[in-house]
Amino acid sequence: MAHIYIFSPSSAVRDKAAFRRGLKRLQAQGHQVEVDEAALSSHMRFAGDDATRVAAITRAAASGANVALISRGGYGLTRILPALPYKRIAKAIDGGMQFVGLSDFTAFNQAVLAKTGRITWQGPALGEDFGCAAEPDDIMQACFDDLLMEQGEGTGWQLPKAEAERRVLVKDAPLWGGNLTVLTSLLGTPYFPQIKGGVLFLEDVGEHPYRLERMLTQLLHAGVLGQQKAVLLGQFTNYKLVPAHDKGFKLHTVVDWLRSQIKVPVLTGLPFGHVDTKVLLPVGAKVDLVTEGRDALMVWGHI
């Protein structure tokens, strides 16, 4: 089975029980699980100070593992992007290592793509996905297994009925994106990939729809959204509307507004985000995207 290296590049691990459950589940699947020496470190809200977390990423790149999997997201990667060992990370990826994570890990995905052109993955985290109190989601687990066996070559999902009329066909476009808040925070920095003609996917958690619209507006005015071939919206969860104040303003309002601003197709329902059922997505890979009725299929082939 696989050699999986667990490291903590962002927030400190607070849920130790979930961390232990995740380790046990991966080990029970027959994997060799190696835990970074600083995986449970804590410095203020971070998994160790900046130097500690940079060192953890460096050790992950040097581990020879098949997969380097984050313990959790949170916050902390954007502040250490200038110090990351990009040449070592690129060498590890060229040697077959897959870096996997989500949420704050979006900063790592984009920075590695911008600085090295290498592919990394948006996918599960140890505690959130493998260490959940219930059993890990079947689809997430199957996608992770496909990655380990080098069999995952695409994903599909069902669109809402309202999106069935417009047929979308995109060929050979770079896939990129992740958490909307983190991605937007990189705009104007050397760590924001300059992608034209791409497929941009987005998700977020705990952000009211007006905040989502504000960030999308920033990407719109910066010319990012209009340069893409498609925008895919994943899951936007754990926010609370204020009916007395919102007066009907909701997530669907934001999606409708976005479609009115760009000619690029905007597709919803991508099974990705801070939810149990999530696919794995290769940031930086070339993809083909096609819709037929309510069926959407995105293929990237063997990576």
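Biologist: How far apart do the end C-alpha atoms of residues 4-123 lie?
Modeller: They lie 14 Å apart, and the span is 38% helix and 16% strand. Helices (H or I, at least four residues) and strands (E, at least two) are DSSP runs, numbered from the N terminus. This is a predicted model, where local features need pLDDT of at least 70, side-chain atom pairs count only at pLDDT 80 or more, and totals for chains, interfaces and linings use all residues. Residues are numbered from 1 along each chain as its sequence is written, and side-chain values use heavy atoms, with hydrogens and water left out.

Biologist: What feature does UniProt place at residues 4-123?
Modeller: The UniProt record, an unreviewed entry, puts "domain: LD-carboxypeptidase N-terminal" there. UniProt positions are in the numbering used here, feature names are shortened, and annotations may be inferred rather than shown by experiment.

Biologist: OK, sheets. What's the strand order in the open sheet of six strands?
Modeller: The order is 2-1-3-4-5-11, with mixed pairing. Two strands pair if DSSP finds at least two bridges between them. Strand 2 (32-35) and strand 11 (281-283) are the edge strands, each pairing on one side only. From one strand to the next, the twist averages 30°. Axes for such angles are lines fitted to C-alpha atoms, for helices over the stretch in contact, and angles run from 0 to 180 degrees between N-to-C directions.

Biologist: How many bridges join strand 1 to strand 2?
Modeller: Four, and strand 1 (residues 3-7) runs parallel to strand 2. In one of these pairings, Ile6 has Val35 of strand 2 as its bridge partner.

Biologist: Which strands does helix 1 touch?
Modeller: Helix 1 (residues 16-28) packs on the sheet and touches strand 1, strand 2 and strand 3 (67-70), where contact means heavy atoms within 4.5 Å. The direction of helix 1 makes about 150° with that of strand 2.

Biologist: And the open sheet of seven strands, what order does it have?
Modeller: That one goes 6-13-12-7-8-9-10, with mixed pairing. Strand 6 (154-158) and strand 10 (266-268) stand at the edges with a single partner strand each, so one side of each has no neighbour in the sheet. Neighbouring strands here are turned by 30° against each other on average, direction ignored.

Biologist: Do strand 8 and strand 9 pair in a parallel or antiparallel sense?
Modeller: Parallel, over six bridges, with strand 8 covering residues 199-205. Leu202 has Leu233 in strand 9 as its bridge partner.

Biologist: What does UniProt place at residues 174-289?
Modeller: The unreviewed entry gives "domain: LD-carboxypeptidase C-terminal" for that stretch. The end C-alpha atoms of residues 174-289 lie 11 Å apart, and the span is 29% helix and 27% strand.

Biologist: New topic: how many cavities of 30 Å³ or more are there?
Modeller: A search of the whole structure finds three. A cavity is a set of points, on a 1 Å grid over the protein atoms alone, where a 1.4 Å probe fits but cannot get out; lining residues have an atom within 4 Å of a point. Points are joined across faces, edges and corners, and a volume is the space filled by probe spheres set on them.

Biologist: What lines the largest cavity?
Modeller: Among the lining residues are Trp121, Asp146, Glu150 and His302. The largest cavity holds about 60 Å³ of space, and its lining divides into three nonpolar, five polar and three charged residues. Ala, Val, Leu, Ile, Met, Phe, Trp, Tyr, Cys and Pro count as nonpolar, Asp, Glu, Lys and Arg as charged, and the others, Gly among them, as polar.

Biologist: What residue classes does the lining of the second largest cavity have?
Modeller: Eight nonpolar, no polar and no charged residues. The volume of the second largest cavity is about 50 Å³. Leu233 is one of the lining residues, as is Phe236. Helix 10 gives the largest share of this lining, three residues.

How values were computed. On a 1 Å grid over the protein atoms alone, a cavity is a set of points where a 1.4 Å probe fits but cannot get out, and a pocket is an open set with protein on both sides within 12 Å along at least five of seven lines; lining residues have an atom within 4 Å of a point.
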